[in-house]
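User: I have a model open and want to go through it residue by residue. Can you take my questions in turn?

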Amino acid sequence: MTAYRLHLRRADSLATIRRALDEVLPAYAHVFPADKAAPILVKPNLNANMNALTGNTTDLRLLAALLGFLRDAGHRDVTVGEGTNSGYYRNGIGVIGRLRVDALAGRFGVPVVDLNYAPGRPVPFANGVTAQVAAPALDAALVVNLPKLKTHFEAGMSVCLKNLMGCLVGQENKKKTHQDLAANIVNLNAALRPGLHIVDGLVAMEGLGPTRGTPVRCDRLVFGEDPYLVDAACARLAGFPEAAVAPLAEARRRGLVGAAMGAFLDGLDLPLAAGRPFAPPRAGRLAAFIHHPRRQKYFLAVRNMALFRYLAGTDWFGALLFATGLRQDVFCRDELRLEGLGLEAAACDGCGICRDFCPSGLDPAAVAEAGGQADCLGCLYCFAVCPRRALRFHGEMGFFAEQVRQYEGHLRALGRARGATDGEGAEQGPARRTAEARRAGCGKA
């Protein structure tokens, strides 16, 4: 008999996230290598240069808490690795730097590797195709997967299973997944077999994900070993039909998700993380027509033509693709230059929201009033969420201006929107907060 383990925690700041890790991760001690020098790869979701509070990418607060936990536990060979979205890769845009992931990891002495450029090894995909998967991911003694909880217009939802696409080397291998997306996502998980998943549901995404949806504050973390179990649980937390999650449906077809797993989940208290179902990922008519599985291979053939690749690299054609919904991202080449943040003292009411969202655990209002502090990452989480616009940006916004254009209203509303109140909190007893059981026939996928 095998145990299904699933842990849920509420968290809304660096301190409460770290406390959640300290409480939960001892239950997963068996997945961590006994050899403290064994390599551990931390795999966040950095699919775009849109910061975590837009619902796009893994929250720096979670990454900081995990790297601190690993350091304090004595693990000496930790790497953060991600192969970002092929469009950013193709346009030479450094997402890792723009999101300040390298700056954060550097504080813990942890290197960051762009898996798009890593050496690869072949992994079998559907229909006799092979794809190169980054060797650092395959060779790690433990892969810790840090996916984002969000909807996805092709896969249904993007959580643990879909997040591993970032382990593929470069655009040429990423595009191979779309020849049979659900099957190849499952194949990729079978090859990599991450030992631990911590889902970032702090600020999730609903609607037209994975990049163009709407942020929704949930203040949730979900922990588990089995990606199928975790993704199925996340679908329930989002009020999303499990059958509409394409990789889960494929896993069920292969016998990796069975009745026992469903019965286990049926026995848990999994309230809607947002207090309501997530809005579904409805693409526009043109995008839905072209990306339909029966037609997508023709679109991929066109997209791989030299002329289309040339046009896609131009600003005017990229804007057209974005406007028609055929592209979710805006590939802005202008870099952000932050000279500092100032404080409009008359506008600041001392609400402390900026403190809750700071990945460095600072008081951003005090830092801004003092003229800056070396510990500030420059991630702009505080600037983005301040509901009274008390923090003033000095410098050139560059690519960040597009995030402000698309999301400013949503981001400033995050400070006023707490996760759904459902009675689940840090003060509750372990039976409420921990879902763990042993069932006959419950094998791990």
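User: Which helix is the place of Ala235?
Analyst: This is a predicted model. The place of Ala235 falls within residues 227-237. That run is helix H10.

User: Is Ala235 buried or exposed?
Analyst: The cut-off for buried is under 20% relative accessible area. Ala235 has 0% relative accessibility, so Ala235 counts as buried.

User: Which residues does Ala235 touch, not counting those up to four places away in sequence?
Analyst: Leu149 is 86 residues from Ala235 in sequence, with 9.0 Å from C-alpha to C-alpha. As for touching, residues up to four places away in sequence are not counted. What remains is Met157, Phe240, Glu242 and Val245.

User: How do strands E5 and E6 pair, and over how many bridges?
Analyst: E5 covers residues 120-124, and E6 covers residues 130-134. Gly120 stands opposite Ala134 in E6. The sense is antiparallel, over five bridges.

User: Which residue in the turn between E5 and E6 has a positive phi?
Analyst: E5 and E6 form a hairpin, with five residues between them. The phi in question is about 60 degrees, in a residue other than glycine. The residue is Asn127.

User: Is Asn127 buried or exposed?
Analyst: Asn127 lies in the loop between E5 and E6. The cut-off for exposed is over 50%. Asn127 has a relative accessible area of 71%, so Asn127 is exposed.

User: What is the relative accessible area of Ala131?
Analyst: Ala131 is found in strand E6. Its contacts beyond four places in sequence include Arg121, Pro122 and Val123. Phe125, Leu168, Asn173 and Lys176 are also in contact with Ala131. Ala131 is buried, with a relative accessible area of 0%.

User: What separates the C-alpha atoms of Ala131 and Lys174?
Analyst: Ala131 and Lys174 are 43 residues apart along the chain. In space, their C-alpha atoms are separated by 8.0 Å.

User: Which residues does Asn184 touch, leaving out those up to four places away in sequence?
Analyst: The place of Asn184 is in helix H9, residues 181-192. Asn184 counts as buried because its relative accessibility is 2%. Its partners in contact are Phe125, Ala126, Lys176 and Thr177.

User: How many residues of strand E2 are buried?
Analyst: E2 spans residues 40-44 and is mostly covered. On one side, Ile40, Val42 and Pro44 are buried. On the other, Leu41 and Lys43 are buried. The count is five of five.

User: Which residue in E3 is the bridge partner of Ile40?
Analyst: E2 pairs with E3, residues 78-82, in the parallel sense. The pairing runs over three bridges. The bridge partner of Ile40 is Val78.

User: Which element gives the largest share of the lining of the second largest pocket?
Analyst: About 320 Å³ of space lies in this second largest pocket. Of its 24 lining residues, the closest to the centre are Leu338, Leu341, Val367, Cys376 and Gly378. Elements giving two or more residues to the lining are strand E12 (337-343), helix H18 (364-370) and helix H19 (381-385). The largest share, four residues, comes from E12.

User: How many residues of that pocket lining are nonpolar?
Analyst: The lining of the second largest pocket divides into three classes. Six residues are polar and two are charged. The nonpolar count is 16.

User: Is Leu380 buried or exposed?
Analyst: Leu380 lies in the loop between H18 and H19. Leu380 is not a glycine, yet has a positive phi of about 70 degrees. Its relative accessible area is 2%, so Leu380 is buried.

User: What is the volume of the second largest cavity?
Analyst: The count comes to four cavities of 30 Å³ or more. The second largest cavity holds about 60 Å³ of space.

User: Which residues are closest to the centre of the second largest cavity?
Analyst: Eleven residues line the second largest cavity. By class, five are nonpolar, four polar and two charged. Closest to the centre are Asn49, Met50, Tyr88, Val330 and Glu402.

User: Which residue does a cis peptide bond join to Gly209?
Analyst: The bond has an omega of about 20 degrees. The partner's place is in the loop between strand E10 (196-206) and strand E11 (214-224). The residue is Pro210.

Conventions
Residues numbered from 1 in each chain as written. Predicted model: local features only at pLDDT ≥ 70, side-chain atom pairs only at ≥ 80, totals over all residues. Heavy atoms only, no water. Pairing = 2+ DSSP bridges. Buried < 20%, exposed > 50% of the residue type's maximum accessible area, 1.4 Å probe, protein only. Contact = heavy atoms within 4.5 Å. 1 Å grid on protein atoms, 1.4 Å probe; cavity = no way out; pocket = protein on both sides within 12 Å on 5 of 7 lines; lining within 4 Å. Points joined across faces, edges and corners; volume = space filled by probe spheres on them. Nonpolar A, V, L, I, M, F, W, Y, C, P; charged D, E, K, R; others polar.
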